[in-house]
Amino acid sequence: TRNLKFLMDTGASLPLLIYTDTDTTMTIPPNALPGNIGRGLGGFLSGYQGRIQTLQFSDFNFKEVITSFQASDSIQLDLRLINNRNGIIGNEILSRFNVVFDYWNEVIYLKPNKNYRNKFKYDRSGLILIASGKNLNRYTVQYVVPNSPADEANIQKGDTILKINRVSTKILTMDGVVQKLRKRIGKRIKLLVERDGVRHKVDFRLREIL
């Protein structure tokens, strides 16, 4: 158990990020997945995805929290500039509360909402996608987790996802795409992908990979 200092980042879409080299006693879980853990102003951020057993602050306690692990030197951070923080608490946790920032009194008020007890779900396909285009509805594979269902189906970096279970991705938001790839274990996913101008049909079944 460690007492750590985090920035509450309302612009981060992840639950929790830990800079592993800010505390000599912290290590990356042995079964964490390597790969891209997000995107910042400087581009994609590399690191690991895993889970921690418990995150507790004030009277709130979360179990099996999906956590990104990153060495601060991998993004050339000066520890003095991040004010000796150990990481970031993002919107996947903050969205479980109604949040009020009282800047004058330097106090944050948190009231659990209907999302408070939701489990932390991770993609079960092995696909990490980026959205582009005028309407941000062109989804391209940026990374494929090794030995994942998507990897076994031979989906490759650079492939464009055109349809998911016969639904055109043009009418889906990124959140909609992500939710389809987090469905129940064993759910069959049929994709129409485009690679070098050629369309391919692939399918796989979702399973827990984290």
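Colleague: Y109 counts as partly exposed, but what is its relative accessibility?
Modeller: This is a predicted model, where local features need pLDDT of at least 70 and side-chain atom pairs pLDDT 80 or more, while totals for chains, interfaces and linings use all residues. Numbering runs from 1 along each chain as its sequence is written, and side-chain values use heavy atoms, leaving out hydrogens and water. Buried means under 20% relative accessible area and exposed over 50%, with partly exposed in between (1.4 Å probe, protein chains only). Y109 lands in that middle class because its value is 48%.

Colleague: Which strand holds Y109?
Modeller: Strands are DSSP runs of E, at least two residues long, and helices are runs of H or I, at least four, numbered from the N terminus. The chain has 14 strands alongside 3 helices. Y109 sits in the one covering residues 107–112, and that's β8.

Colleague: Who joins Y109 in the nonpolar patch on the surface?
Modeller: Patch members have over 30% relative accessible area and no salt bridge (Lys or Arg side-chain nitrogen within 4 Å of an Asp or Glu carboxyl oxygen), and nonpolar side chains are joined within 5 Å. This patch offers about 260 Å² of accessible area together (Shrake-Rupley, 1.4 Å probe). Y109's partners are V100 and V107.

Colleague: And K190, what is its relative accessible area?
Modeller: K190 is in strand β13, residues 188–195. Like Y109, K190 is classed as partly exposed. The value for K190 is 36%.

Colleague: How much of the whole chain counts as buried?
Modeller: The chain exposes about 13100 Å², with carbon and sulfur atoms supplying 48% of it. Of its 210 residues, the buried share is 39%.

Definitions and conventions
Patch = residues over 30% accessible without salt bridge, like charges linked within 9 Å, V, L, I, M, F, W, Y side chains within 5 Å.
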